[in-house]
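Okay, thanks for coming, everyone. Have a look at the screen, and I'll walk you through what I found.

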Amino acid sequence: MEKGLQSTAQTITAIVLLIMAAVQSVSANSTPLRVVDTQNISQHENISRFLDYIEQRQRQFAIEDLVADQTLKDMPWVENHSDSPGFGFDTNTFWFRVVVSNNAPNVVSRLLEIKNPVLDEVLFYQVNSRGVIENVSQTGDGNPASARPFFHHNLILPFTVPPTETHYLYFRVTTAGSLEFPVILWEPGAFQKRDQIYLLLYGALFGVILVMGLYNFFIYALFRDRSMIFYSGFSIGLMLFLATIHGFSAQYFWPDISWLRENALILVIPFTLFFSLMFSSTFLQLDRALPRLNKAVVMLAMVCLAMLVMAPLTPYSTLIRACAALVLPVSLGGIVVGVMRWLQGYRPARYFVIAWTAFLGAISFYALSKFGLFSRSAFSEYAVQVGAVAEAVLFAFALADRMNMQRKAFEQAQAKALDLQKAANERLEMSVADRTVELQAAMQELEEANQRLQSLTRQDGLTGIRNRRFFDEKLEHEWQRSYRSGEPLALLLIDIDYFKVFNDEHGHLTGDECLKAVAQVIDSALTRPSDSAARFGGEEFVVILPETNVEGAVHVAENIRLAVAGNGVVTEEGVLNVTVSIGAAALIPQKDQAPQALIAIADQSLYAAKSAGRNCTRVPAQLTRV
């Protein structure tokens, strides 16, 4: 009997374990995959926030494990919601995954741009929904630029998606440096147009820095001022640093030298820091004014030189951390020493301090981002370039100012050399002025290009109105303003009724015309400058109404609804009538309340409108009116 009871207990335990495993499997499979529709990418989109990732620690995963997971769904994927996933100096291997689909009847060709060209190795696998690997590529600075799937200074991976198929894209990323993995999905034509502008701007940037370095080298050849030769070395190092972090050095300078491609940064950074420290010492004349401090500066420069010599013998992961950690104290120390000399009455130190301050902010943000303390952004991407140009120009002014002081002293000491000194100084000032005009023109072009780029990133490519990114920023801004003022903030969520049926009956091109027409009607219905309309996603639109209560929001919503119903969509088939359902909501923001609360209420309202038969405006019954 005891054996029977024991057998029964074992059977019950097995059944419980099977039920728990089934529940866990259902739970693991309940999270829906985030799918990127490649057909809806008219130009480009940052798809980093759609990435899932796995960090390989104790367990090592192969591509076969990931392909099997498409069916089993038992892998510990972590969703990323950042526009630029960064993990600092993590030497573990990472797997990234993004799911793409093509709902169009034709093959879609796209490019993936990984905007971190100093990653050691990126293995790319494209797998269809049936588990068949259709595309395998390898890139990274461990590979020559000529052997990459796409010849470019960044890491570019081309791929195609057949009609009406969903594919899984996997990336196996290994690097000894800072692991950042921002991924941009591009339409090839748009990528080529953008690239032409970028190459022009980077050419101007490198040209300015190189000319500054060569110019001061020739000045050194004339006057034998050691600060000039150190400044020239610093300029060359700065140009190599920028070229390396943006992938140009691996593409053009040493494309076939594997060790340099993978380790250039641990050579370039100590090289640049060494010349910057020696320039600070000679330019500020620390050997005479602050001899003890000068010894510390020279000793730190020798440390940089030692790091440069040790580069072939030291692991990259160790030395790159030391380089990144050394940038901040060197930059900050330059400012402190410059301020001390400025307070002592040394006039050229003022330009020196301003130059170092401009560069410190840029390079500090870059260095801290390498440790994963900041996410990659448009600011972090261009801050180093802008700071480098500002520092180069300001250092040139500082050198000119110091030479002006030397000229005056030389006039007092040697009257016979007055005419020669004046001519040389006038030529120097004229050259500096010419370079300044060229730099200002280049900076103006860069600013205009940045403004155009910012405008494009906040505009929906199909409808012409603002996009989701603009909406998120605008809602956050208006939410904070309403919180401070105590005024209500209203939101409308607008959905085109039966849009899928409309698309199926009339085709995607007519569907696009429908989206454009509805967007223009919504935008035209807004009468106040503070009101904003944007495309929320798919066939949904959103309207932000500052200083508006529920009644006002419903009034605007009804105007929009009636205008859409009355206008229709003009096509070759004639005028097609469409209607919209609108959810309205309004709140006075409270402390510890996020803007998503307003979106959630508007979403409830939209659901209520759809449940009421569509073509109407609704507010949740439980909403307190403001």
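Let's start with Leu210, which counts as partly exposed because its relative accessibility is 31%. Keep in mind that this is a predicted model. You'll find Leu210 in helix H3, which runs over residues 188-223. Leu210 also has company: together with Leu214, Phe217 and Phe218 it forms a nonpolar patch on the surface. Taken together, those residues have about 360 Å² of accessible area.

Stay on helix H3 for a second, because Tyr198 sits there too. Is Tyr198 buried or exposed? With a relative accessible area of 11%, Tyr198 is buried. Now look across to Leu446, which is 248 residues away from Tyr198 along the chain. In space, the C-alpha atoms of Tyr198 and Leu446 are separated by 9.4 Å.

Next up, charges. Quick reminder: side chains of opposite charge can pair when their charged atoms come close. How many salt bridges does the structure hold? The count is 20, and I'll show you a few.

One of them is between the side chains of Glu113 and Arg194, at 3.0 Å from N to O. That pair links distant parts of the chain, with Glu113 in strand S6 (residues 108-114) and Arg194 back in helix H3, 81 residues apart. Both partners, Glu113 and Arg194, are buried.

Another one joins Arg97 and Asp69, where the N to O distance is 3.6 Å. Here too, distant parts of the chain are linked: Arg97 belongs to strand S5 (residues 94-102), Asp69 to helix H2 (residues 63-72), and they are 28 residues apart. Arg97 and Asp69 are both buried as well.

Then there's Glu473 with Arg458, whose side chains meet in a salt bridge at 2.9 Å, N to O. Glu473 lies in helix H13 (residues 468-485), while Arg458 is in the loop between helix H12 (418-457) and H13, so the pair ties together parts that are 15 residues apart in sequence. And Glu473 counts as partly exposed, because its relative accessibility is 36%. Before we leave the charges: salt bridges that share partners join Arg34, Asp52, Asp69 and Arg97 into one network.

So, helix H13. We can do a little check on its length. At 1.5 Å a residue, the 18 residues of H13 should span 26 Å, and the end C-alpha atoms are 25 Å apart, which agrees.

Which residues of H13 are buried? Those are Phe470, Phe471, Lys474, Leu475, Glu478, Trp479 and Ser482. They cover an arc of only 155° around the axis, which puts them on the same side of H13. If the spacing in that list looks familiar, here's the background: an α-helix has 3.6 residues a turn, so residues three or four places apart point the same way.

Last topic: cysteines. A disulfide is a covalent bond between the sulfur atoms of two cysteines. How many disulfides does a search of the whole structure find? Zero. Take Cys323: the closest cysteine sulfur is in Cys304, 8.0 Å from the sulfur of Cys323, and that's too far for a bond. Cys323 is buried, with a relative accessible area of 1%. Cys514 counts as buried too, because its relative accessibility is 0%.

That's my tour. Happy to rotate the model if anyone wants another look.

Technical notes:
Residues numbered from 1 in each chain as written. Predicted model: local features only at pLDDT ≥ 70, side-chain atom pairs only at ≥ 80, totals over all residues. Heavy atoms only, no water. Patch = residues over 30% accessible without salt bridge, like charges linked within 9 Å, V, L, I, M, F, W, Y side chains within 5 Å. Areas by Shrake-Rupley, 256 points an atom, 1.4 Å probe, with all protein chains shown as cover. Salt bridge = Lys/Arg side-chain N within 4 Å of Asp/Glu carboxyl O. Helix = DSSP H or I, 4+ residues; strand = E, 2+ residues; numbered from the N terminus. Buried < 20%, exposed > 50% of the residue type's maximum accessible area, 1.4 Å probe, protein only. Disulfide = S-S within 2.5 Å. Expected span 1.5 Å × (residues − 1). Arc of directions from axis to C-beta.
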